[in-house]
Amino acid sequence: MFQAKVGMARAVASLSRASGRGGGTTLPGRLLLALEPDAIGRLATGLRRGSAVISATNGKTTTAKMAASILSPPLHLTRNAAGANLASGIASALVRDHDADLGVFEVDEAALEGVAGGLRPGVVVLGNLFRDQLDRYGELELIAARWRTTCDRLPGSTALLSNADDPLVASIGRELPAHTWFGLDDPSVALPEMQHASDSKWCVRCGARYAYRSVYLGHLGDWACPSCGDARPALDVAARDIEPEGLDAIRFRLCTPVGEAPVRLPLPGLYNVYNALAAATLALQVGAGLDQVRDGLERFSAAFGRFERVALGDVEAVLLLVKNPAGANEVIRTLAADGRPKALLVALNDRIADGRDVSWIWDVDFELLAAQAGTVVCTGTRAAEMAMRLKYADVPEARIDVQPDMAAAVERASAAATGEAYLLATYTAMLELRGLLEQRGLVQPYWQEAA
Amino acid sequence: MTGLRVAHLYPEHLNIYADRGNIAVLEHRCRWRDIPFQVVGVGIGEVLPEADLYYIGGGQDRDQALVAGDIARHAAPLAAQVASGSAVLAVCGGYQLLGHYYRGHQGDEMRGIGLVDLVTEAGTSRMIGNIVLDCSLDGGAPRRLVGFENHAGRTILGEGVKPLGRVVSGNGNNGRDGGEGVHAGSVIGTYVHGPLLPKNPWLADWLIARAGGAAEPLPPLDDRLENEAQRVAARIAAR
């Protein structure tokens, strides 16, 4: 009976792919879960080495793709498509392929509780918690509370791999013995001070303000509470000697319990070092060797809209997904670092998957780019609002071009650029941009990328 | 107008809905008119300074409870400042704190400062979405106000207390009486964020003029982008 239901879901998947409507990344799973609520658990028993799940506000997709780059080959993996990270997306991935060595799934932070219950993963990676789409997720504390419940229910055999630099994440499952901690350890790349939009500034245990020896990104860093003495857990896996190479790459020394390796990660930004650490810790946990980890990270190619580079006529377009203040601020800080003028396109949509509430753009430090902004084309359902935000960030109005139609906006941005154009877009806006580039044959449909 | 001094209350605890956008708008709209502007943050345990405009934003539940324990000290000084002409703008959690109390699901009560006659009680669901109001603050033709609301609290105004505006689309104070926010002299409270002021420059200017004691209307600014953003937001809210 169960096999018949899976067969039906599989038929829906082929139909969905044949009709070119998103490749069946969620619909088959949704259907199967309606027929069989424990479908994820039942299908997952086919995975020979079980599964690993990755949850975080920012970096899930990149981390999962990095883990895959390290592990596959030699392992045969089942993975969910970028962004299809609710139970339906994971069930769809299992419908497509449950005869694999290992499942590697990115899981929406609000969906982790339900997914972990069904999937019973052997490895859980907790990356970071930032404020994100309050209209959809609610407050940060609520997500943390749900993660705590999730971890309390995990069997003792589950390996928990967590970002030690995020005090809120570090407060989850702290007492579990099988807990591996990763983080950055290089004060030379720390920020001079905490950013204004930082979350989790106050001690989870006692409410006092955390003191940081180093702040690396948002509220991530080497933290301690001067009042109750709580502090960052000792790092098992760390990145040291971090050296950015412009917008092309970042180098660091990967230090692990099984040795050290120099890594050149072909992506910029400290946030990508965090993603690499999470992926490396996951890979080591499931049995990869250190050389394999280094090689997998060094041949990594960017995930959907994460510093993805696309030739657009004479211009190279760099696609940058921005979804929340913390992620967007890291993108902007990375772009601003070289001080060079840049042609920009910013696409702001307010659909459900983007968050209907666009107030978050005021917590993004567009001010950092104001002096370097060449032409900035604003597009999307809230194009004028984006333009207005830039006006108040002191970008001269003469350089702001409001163009709600996305195809026209891409034309304007590529005409205005010499060399590179940076395209920042919210989730559904990025899908639209990718759709335009697909029509020109410049990129592959996103659902063909994950598997 | 000699200048605008803004006191931003609890910027570290109450900043959840991009409250700094409201401050950025006040600052820029003063600067563009050569009106001297200054803003000071006032944290927990700090002294309330003299200011033309007091701004209180919104926070997560835990932060709002921490602030509620501190803000009681400011009840009398703030009322005295308002009586002598200062203005107050309070958004979301800050708006609730202007009233007598916020009563949670379990009957737990958070005291407000009672600057305005209103009370808030937690509802069973959150009211989330785009919102549009018609406001007529000084009895003139109604002005449109747009933004986003996201609150579990149902706020009830006291007898004779006027809302900031009438709800055109959205929920407002409690989803029942058609009112949103509060307007009492130079005190404004509202659930509308987005943030509030960027897409409603007329309200930003009303506050600047009122708080700064402007003798004549402020010189107009080029608000084409602001008004276009407002028009788009109103259109989306009407869907």
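Helices in this report are DSSP runs of H or I with at least four residues, strands are E runs with at least two, and both are numbered from the N terminus. Keep in mind that what you're looking at is a predicted model.

**How chain A is laid out**

Let's start with the big divisions. Chain A splits into domain 1, covering 2-298, and domain 2, covering 306-448. The C-alpha centres of domain 1 of chain A and domain 2 of chain A are 26 Å apart.

At the beginning of chain A there's a helix pair to look at. Helix 1 (residues 2-18) of chain A packs against helix 2 (residues 27-35) of chain A at an angle of about 160 degrees, and their axes are 8 Å apart. Angles over 145 degrees count as roughly antiparallel, so helix 1 of chain A and helix 2 of chain A are roughly antiparallel to each other. Their crossing is right-handed. Which residues make the contact? Helix 1 of chain A brings A:Lys5, A:Val6, A:Ala9, A:Arg10, A:Val12, A:Ala13 and A:Ser16, and these meet A:Leu27, A:Pro28, A:Leu31, A:Leu32 and A:Leu35 from helix 2 of chain A. By type, the residues of this contact divide into 9 nonpolar, 1 polar and 2 charged.

**Where the chains touch**

Now for the meeting of the two chains: 28 residues of chain B are in contact with 21 residues of chain A. On the side of chain B that touches chain A, the elements giving two or more residues are helix 1 (20-31), helix 2 (61-71), strand 7 (118-135), strand 8 (143-157) and helix 6 (224-237) of chain B. Helix 6 of chain B provides the largest share of that side, with 6 residues. In composition, the chain B side divides into 13 nonpolar, 8 polar and 7 charged residues.

B:Gly21 gives a close-up of helix 1 of chain B, where it sits. Setting aside neighbours within four places in sequence, B:Gly21 is in contact with A:Ser359 and A:Trp362 across the chains, plus B:Pro195 and B:Pro198 in chain B. Between the C-alpha atoms of B:Gly21 and B:Val182, which are 161 residues apart along the chain, there are 21 Å.

B:Pro195 has its own quirk: the peptide bond joining B:Gly194 and B:Pro195 is cis, with omega about -15 degrees. B:Pro195 belongs to the loop between strand 12 (187-190) and helix 5 (201-212) of chain B.

**Helix 14 of chain A and its end**

Why is helix 14 of chain A described as largely enclosed by the rest of the structure? Helix 14 (residues 383-392) of chain A has 9 of its 10 residues buried, so it is largely enclosed. The buried ones are A:Ala383, A:Ala384, A:Glu385, A:Met386, A:Ala387, A:Met388, A:Arg389, A:Leu390 and A:Tyr392. They pack against strand 14 (342-347), strand 15 (373-379) and strand 16 (400-402) of chain A, and also against helix 1 and helix 6 of chain B.

Just past helix 14 of chain A comes A:Asp394, with a positive phi of about 70 degrees. A:Asp394 isn't a glycine, and it lies in the loop between helix 14 and strand 16 of chain A.

**Other spots in chain A**

Most residues other than glycine have a negative phi, and most peptide bonds are trans. Here are two more exceptions. A:Arg120, also not a glycine, has a positive phi of about 50 degrees. You'll find A:Arg120 in the loop between helix 6 (112-119) and strand 4 (123-126) of chain A. The peptide bond from A:Pro73 to A:Pro74 is cis, with omega near 10 degrees, and A:Pro74 is in the loop between helix 4 (60-71) and strand 2 (77-79) of chain A.

A:Leu284 is part of helix 10 (residues 270-285) of chain A. Beyond its neighbours within four places in sequence, A:Leu284 is in contact with A:Thr256, A:Val258 and A:Val293. A:Leu284 and A:Ala164 are 120 residues apart in sequence, with 17 Å between them, C-alpha to C-alpha.

**Buried or partly exposed?**

Here's the burial of four residues already met.

| Residue | Other C-beta atoms within 10 Å | Class |
|---|---|---|
| A:Leu284 | 23 C-beta atoms | A:Leu284 is buried |
| B:Gly21 | 24 C-beta atoms | B:Gly21 is buried |
| A:Arg120 | 18 C-beta atoms | A:Arg120 is partly exposed |
| A:Asp394 | 14 C-beta atoms | A:Asp394 is partly exposed |

The line between the classes is simple: 20 or more such atoms make a residue buried.

Definitions and conventions. Residues are numbered from 1 along each chain as its sequence is written. Chains are lettered from A and ligands numbered from 1 in the order in which they are written. This is a predicted model: local features need pLDDT of at least 70, side-chain atom pairs count only at pLDDT 80 or more; totals for chains, interfaces and linings use all residues. Two residues are in contact if their C-beta atoms, placed from the backbone, lie within 7 Å. Ala, Val, Leu, Ile, Met, Phe, Trp, Tyr, Cys and Pro count as nonpolar, Asp, Glu, Lys and Arg as charged, and the others, Gly among them, as polar. Axes are lines fitted to C-alpha atoms, for helices over the stretch in contact, and angles run from 0 to 180 degrees between N-to-C directions. Angles under 35 degrees count as roughly parallel, over 145 as roughly antiparallel, 65 to 115 as roughly perpendicular and the rest as oblique. A crossing is left-handed if the near helix is turned anticlockwise from the far one by less than a right angle, and right-handed if clockwise. Domain bounds come from an automatic or database domain assignment. A residue is buried if 20 or more other C-beta atoms lie within 10 Å of its own, exposed if 12 or fewer, and partly exposed in between; C-beta atoms are placed from the backbone.
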